[in-house]
Amino acid sequence: MTTIQKKSALPGQTNPIAHLTEADIEQIGIELDAIRQDVLDDRGASDAAYIRRVIDTQRKLELASRAVLLFSAFPPAWVLGTLGLSVSKILDNMEIGHNILHGQWDWMRDPKIHSSVWEWDMASPADQWKHSHNEVHHTYTNVIGKDNDLGYGIMRVDEDQTWAPMHLGQPVWCFINAVFFEYGIAAYDLDLGAVVKKKQTKDPDFRRRAKQVLGKIRRQVTKDYVVHPALSIPTGSFLPTLAANFTANVVRNLWSNSIILCGHFPEGVETFEKRSIEGETKGEWYVRQMLGSANISGSKALHLMSGNLSHQIEHHLFPDLPSNRYAEIAPKVQALFDKYDLTYCARPLVPQVYSAWHKVVRLSLPNGWLATTNAKNAPQQLAILYKMATGDRRTRRLLGRKLESESRAAAA
């Protein structure tokens, strides 16, 4: 049976699948396979019409927005054009690009809408993203040390990971990564941190992939920050158009990052040890996807703008199903959670974003520090944090144990 990573450092945390037998887990897999097969048997013309309609809408919206921004020296035109361009970039990234590159629409046999040929408005080349995301992330969902999407290699993501002073900067790194998310993803797809750490920057394969990324970035920058602003020169709108394109990219980055954080990182989402997936069965893989993902409840507009990753649980269970079908199967999946007494982690957007960032901040601090800190003891707690940040490993270990003990006592 899959063993969820134990989180004994904090009180009240137990193995959420301890009550399931091996037969239960395999039966979950059988029932989920049946849900998937129902969609495969039913997909057809209406699904194909949906994705073609979304692509057509996105392209017309982008063209219209860029046309309006040619006159962006006029403030209302700047606001309207920037808003439209932001929405079009989000649609291109989330509902269109992400899902096409997952192969969700390959069954249409449309050579223009196929994962093998599609390229998107992002710094990361599609082929590199498909490897790091489809092959690695979706295979090793939330397995610490295997799934780099879990914190992108720059964050502490679990209580059992040893706290170090550098983790205090985690909220800052997370925010910077959100603002420039497309470039962070490109660096992540390159596995840049590991390559630099291992001093493998001269490796021919890395250089080839790096050249591909730089070429993609150059094309994106040329389009958004040279050609389009230059077309606005006759109306005196060069700088406003430049600012509009930058703003639209930042809006897209912040939105994409928020949706992904909500799907993978809020309180209540489980992480897993490497050893927990040794000899993993299909049923166990399904259960890991169920517990390692979270949903965002909301309107149809929210689901569209999130690329239907607001149904992250369903997406992780069935990454190759058409995204427009996730809302349809979500009640069936949730019923399965209820049947086997598992927690279906779903919240509205704002609470889910808050929960994800709360976890970012909580894990940037030593275990138990936030839980034992209040207005009255804040000076003393800050003094403890200072000692842990400036002290040696032994000091951090002793003070850390004290904080964890106090946290357990407070929760009892």
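In this predicted model, I154, V172, W173, F175, I176, F180, F246 and L254 make up a nonpolar patch on the surface, with a joint accessible area of about 740 Å². Patches are built from residues that have over 30% relative accessible area and no salt bridge, with nonpolar side chains (Val, Leu, Ile, Met, Phe, Trp, Tyr) joined within 5 Å and like charges within 9 Å. Accessible areas come from the Shrake-Rupley method with a 1.4 Å probe, and for residues only the protein chains shown count as cover. Two helices, α5 (170-179) and α9 (238-264), each supply at least two residues of the nonpolar patch, and α5 gives the most, with four residues. Helices are DSSP runs of H or I with at least four residues, strands are runs of E with at least two, and both are numbered from the N terminus. V172 is found in helix α5 and is partly exposed, with a relative accessible area of 46%. On this scale, buried means under 20% relative accessible area, exposed means over 50%, and partly exposed lies in between (1.4 Å probe, protein chains only).

A few conventions help in reading what follows. The model is predicted, with local features needing pLDDT of at least 70 and side-chain atom pairs counted only at pLDDT 80 or more, while totals for chains, interfaces and linings use all residues. Residues are numbered from 1 along each chain as its sequence is written, and side-chain values use heavy atoms, with hydrogens and water left out.

Turning to the interior, the largest nonpolar core holds 28 residues, and I28, L32, L317, F318, V333 and L342 touch the most other members. Such a core is a set of buried Ala, Val, Leu, Ile, Met, Phe, Trp, Tyr and Cys residues joined through side-chain atoms within 4.5 Å. Two or more residues of this core come from each of α1 (22-42), α10 (282-291), α12 (312-317) and α13 (326-339). Apart from neighbours within four places in sequence, F318 is in contact (heavy atoms within 4.5 Å) with L32, I35, R36, Y286, Y326, I329 and V333. A second, separate core has 18 residues, including I100, W105, I113 and A126.

A126 also appears among the buried residues of α4, alongside Q128, W129, K130, S132, H133 and H137. The buried residues of this helix pack against α3, α6 (181-189), α8, α9 and α12. Helix α3 is also the place of S86, which is buried, with a relative accessible area of 5%. Not counting residues up to four places away in sequence, S86 touches A248 and V251.

Charged pairs come next. Side chains of opposite charge can pair when their charged atoms come close. The structure holds 24 salt bridges, each defined as a side-chain nitrogen of Lys or Arg within 4 Å of a carboxyl oxygen of Asp or Glu. In one of them, the side chains of K282 and D33 meet at 3.1 Å, N to O. K282 lies in helix α10 and D33 in helix α1, so this pair ties together parts that are 249 residues apart in sequence. D33 is partly exposed, at 27% relative accessible area.

K216 forms a salt bridge with E119, their closest N and O atoms being 2.9 Å apart. Because K216 lies in helix α8 (residues 204-231) and E119 in the loop between α3 (75-101) and α4 (126-137), the pair ties together parts that are 97 residues apart in sequence. K216 counts as buried at 3% relative accessibility, whereas E119 is partly exposed, with a relative accessible area of 41%.

R208 and D205 form a further salt bridge, with the closest N and O atoms 2.8 Å apart. Both residues lie in helix α8, three residues apart, about one turn of the helix. An α-helix has 3.6 residues a turn, so residues three or four places apart point the same way. R208 counts as partly exposed at 49% relative accessibility, as does D205 at 36%. Elsewhere, a network of salt bridges links E62, R66, K89, D121, E182, K223, D224 and R252.

At the level of the whole chain, an automatic or database domain assignment gives domain 1 (4-339) and domain 2 (367-411). The centres of domain 1 and domain 2, taken over C-alpha atoms, are separated by 35 Å. K387 is found in helix α15 (residues 378-390). Leaving aside neighbours within four places in sequence, K387 is in contact with T395 and L399. K387 and L399 are 12 residues apart in sequence and 8.5 Å apart in space, C-alpha to C-alpha.
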